[in-house]
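Biologist: I am new to this structure and would like a close look at a single part of it. Could you take one pair of packed helices and walk me through how they meet?

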Amino acid sequence: MVQFATRRTKLVLKNPELLCGYTSLRSKMTSAHYVASRARDATFEKLMDKYKHYSKVVAIQDLILASVLRSSSLSLQFLDRISQRLHLNRGAASFLRKYPHVFHIFYDPAKCLPFCRLTDAALAIAREESEAIKGSLPDVVDRLVRLLSMSTSKSLPLRAIFKVWRELGLPDDFEDSVISPNPHIFHLSDAHEPNTHILKLVSSSGVLEGNPFVAAVEKWRAGECCDGDTDRADIKFGFKHGFPPGMRLSKDFKAKVKKWQRLPYVGPYEEMGEKRMSKAGVAGAEKRAVAVAHEFLNLTIEKMVEVEKISHFRKWFGIDLNIRDLFLDHPGIFYLSTKGKTHTIFLREAYERGCLIEPNLVYLARRKLLDLVLLGCHAMLSSDPKLGETTVIEHKDEN
């Protein structure tokens, strides 16, 4: 299927002088072409390999925990009905048996149906994650306020927030546990579209009264400025960079990066003002978009998010650029992985050797579940009551 160039790509092809950063170093006809040819980072690609089936496991786990029947269990018949939505190519039973450390399959003679539930280990991890989120509710409120503060209207559609509730570490009932108890901060109203709600910051909140937040990149700059060997002109508007191993950095490339680092811009929590179509205005708008994406990733629990999910916030953040192109154009700040059926963006500076440099309790609980997923079927026996005997489950990578 032929992919047409984005609006931004067309603008670049007509006016290449508008680009002051990475985009002028390459001729990009389509996003797909550049995705295939860009420098890859083995560390992030290996991490995404580990997450290959993790999202499917989490989706089934959430369904089981939400079930009120049979002490949080689900029938395989129900999972088979929604297997296409869950991307279970060989059916529910085949997928569940690959992860006996996470799921336990049992047979109900009364209903003549097989069911599944979480193992004790997986259930303990789910409770640990839930307790970590409950214990950090002040931080949860802070993250949600920061997210709204980056919006040009200080408001966001609730459906967009639902897309990233796990990434932001929100409780699954955040409407009741976070929004409702804080009417002095949040206001939920109906939108012009049916079945759509808008979450707004209340005008009496500290942010709207002139108490702006400090972005994560500004904290990094403050630390760097304490280093006597650092040129303050490079740090004043700069971002931390770390390029993929093996990526060729020519003198021309380094010079353009240095020029981009010194380019002034409007921060993620500052008022944008009137948009300008001049060369400096377009370049400043791009750098602000980088700042917003950088701060958004800093607000997430694992400093990573699917590109499709962050795209839902684009117009609310005042970003006129193609989000995926933005990430591709700044490989020193972001890394875009195309493993699996989704594109996932990572914040480079937050990771070292495939792990968060500054882990949090929610992240640590999720990594424990990932460890159970990676165990696969190693040394596991499963008793199948329907067969009346113990059978060894063999690991087959079918999904």
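Modeller: In this predicted model, let us take helix α8 and helix α14, whose crossing is left-handed. Two packed helices are described by the angle between their axes and the distance between the axes. For helix α8 (residues 137–150) and α14, the axes come within 10 Å and cross at roughly 165°. Angles over 145 degrees count as roughly antiparallel, and α8 and α14 are therefore roughly antiparallel to each other.

As for the residues that meet, α8 contributes R143, R146, L147 and M150, while α14 contributes R288, V292, E295, F296 and L299. Sorted by character, the residues of this contact between α8 and α14 comprise five nonpolar and four charged ones, with no polar residue among them.

It helps to look at α14 by itself as well. Helix α14 covers residues 279–299, and at 1.5 Å a residue its 21 residues should span 30 Å, which agrees with the 31 Å that separates its end C-alpha atoms. Buried here means under 20% relative accessible area, and because 17 of the 21 residues of α14 are buried, this helix is largely enclosed by the rest of the structure.

To return to the pair, then, the picture is of α8 running roughly antiparallel to α14, with R143 of α8 and R288 of α14 among the residues that make the contact.

Definitions and conventions
Residues numbered from 1 in each chain as written. Predicted model: local features only at pLDDT ≥ 70, side-chain atom pairs only at ≥ 80, totals over all residues. Heavy atoms only, no water. Helix = DSSP H or I, 4+ residues; strand = E, 2+ residues; numbered from the N terminus. Expected span 1.5 Å × (residues − 1). Buried < 20%, exposed > 50% of the residue type's maximum accessible area, 1.4 Å probe, protein only. Axes fitted to C-alpha atoms, helices over the stretch in contact; angles between N-to-C directions. Parallel < 35°, antiparallel > 145°, perpendicular 65-115°, else oblique. Left-handed = near helix turned anticlockwise from the far one by under 90°. Contact = heavy atoms within 4.5 Å. Nonpolar A, V, L, I, M, F, W, Y, C, P; charged D, E, K, R; others polar.
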